[in-house]
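Q: I should like to learn how to read a protein structure, one feature at a time. May we work through an example together?

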Amino acid sequence: MNNGIFRGIDHIGLTVPDIEDATIFFKNALNANVLYDVLPKDDKPMEGKETETQLGIPKNSKIVHMRLLEIGNGPTIEMFQFSNTPQKDTANLNDFGWQHIALYTDDIEKATEQVKLAGGKLLSEPHPLANVENGPRNRGVYFKSPWGSLIELISYPDGLKDKNLHRWTPKK
């Protein structure tokens, strides 16, 4: 229930090894558009005690590039590129915390081909959805970006089995 305080997801944050390479991948794989650079790569990095405190990043970390992308009709993706800080590998589905985003598609076969051509690695072929999401044409598949981020493609044109349930779906 919406109590009027929160309107919805505005953006999803994603740290990548190289924003230019990630942008090319997202453009080719998911038809992403660049909205703008929050921090252009030639600007002075965001760093220092205040930045470290506000963003909860390690001491001496530098944000060297930030960019906002849009993909279809949904929240934007805010990409970060860091330097001068240790970084861990990407999370797997079984790890705590946020570990994937899902994009709705009307044509999962065409979408998976585009992802593969752009360098994404499917974890399987598109498969039926489970339980209440299952339907004759409903399908999903996970893939990894070139740097290892987990992304899901999902399509449920047959809707949910229980028609009393509601799920937000991006508009066409």
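Q: In which strand does Tyr36 lie?

A: Please note at the outset that this model is predicted. Tyr36 belongs to strand E2, which spans residues 33-39.

Q: Is Tyr36 buried, partly exposed or exposed?

A: Relative accessible area decides the matter: under 20% is buried, over 50% is exposed, and values in between are partly exposed. Tyr36 has 46%, so the residue counts as partly exposed. Together with Leu35 and Val38, Tyr36 makes a nonpolar surface patch of about 260 Å².

Q: Where should one look for other nonpolar side chains?

A: In soluble globular proteins, nonpolar side chains tend to be buried together. In this model the largest nonpolar core has 25 residues, and the members that touch the most others are Phe26, Leu30, Met79, Phe143 and Leu153. Helix H1 (19-30), strands E4 (76-83) and E5 (100-104), helix H3 (108-117), and strands E8 (139-144) and E9 (150-155) each supply at least two residues of this core. The most come from H1, which gives six residues. A second, separate core of six residues includes Ile57, Ile63, Phe80 and Phe82.

Q: Which residues does Ala22 touch, leaving aside those up to four places away in sequence?

A: Ala22, a residue of helix H1, touches Val16, Met79 and Trp147 on that count. Its relative accessible area is 1%, so Ala22 is buried. Met79, counted in the same way, touches Ala22, Phe26 and Arg67, among others.

Q: How does one recognise the buried side of a helix, and which residues of H3 are buried?

A: One views the helix down its axis and notes the directions in which the buried residues point. In H3 the buried residues are Ile108, Ala111, Thr112 and Val115. They fall within an arc of 100°, so they line one face of the helix. The face turned away from this buried side carries the exposed residues Lys110 and Leu117. Among the elements that cover the buried residues of H3 are H1, strand E6 (121-122), E8 and E9.

Q: How many salt bridges does the structure hold, and what can a single one show?

A: The structure holds seven salt bridges. One of them joins the side chains of Arg67 and Glu20, at 3.2 Å from N to O. Arg67 lies in strand E3 (residues 62-70) and Glu20 in helix H1, so this pair ties together parts that are 47 residues apart in sequence. Arg67 counts as buried, at 8% relative accessibility, whereas Glu20 is partly exposed, at 28%. Both residues also belong to a network of salt bridges with Asp37 and Lys41.

Q: Where in the structure do Glu113 and Lys116 lie?

A: Both lie in helix H3, three residues apart, which is about one turn of the helix. Their side chains meet in a salt bridge of 3.0 Å, N to O. Glu113 is partly exposed, with a relative accessible area of 40%, and Lys116 is partly exposed as well, at 35%.

Q: What does the sign of phi tell the reader about a residue?

A: Most residues other than glycine have a negative phi. Asn31, in the loop between H1 and E2, is not a glycine, yet its phi is positive, about 55°. Asn84, in the loop between E4 and E5, likewise has a positive phi, near 65°. Gly119, which follows H3, has a positive phi near 110°.

Key:
Residues are numbered from 1 along each chain as its sequence is written. This is a predicted model: local features need pLDDT of at least 70, side-chain atom pairs count only at pLDDT 80 or more; totals for chains, interfaces and linings use all residues. Side-chain values use heavy atoms; hydrogens and water are left out. A nonpolar core is a set of buried Ala, Val, Leu, Ile, Met, Phe, Trp, Tyr and Cys residues joined through side-chain atoms within 4.5 Å. Buried means under 20% relative accessible area, exposed over 50%, partly exposed in between (1.4 Å probe, protein chains only). Helices (H or I, at least four residues) and strands (E, at least two) are DSSP runs, numbered from the N terminus. Contact means heavy atoms within 4.5 Å. Patches are made of residues with over 30% relative accessible area and no salt bridge: like charges are joined within 9 Å, nonpolar side chains (Val, Leu, Ile, Met, Phe, Trp, Tyr) within 5 Å. Accessible areas come from the Shrake-Rupley method with a 1.4 Å probe; for residues, only the protein chains shown count as cover. A salt bridge is a side-chain nitrogen of Lys or Arg within 4 Å of a carboxyl oxygen of Asp or Glu. The arc is that of the directions from the helix axis to the C-beta atoms.
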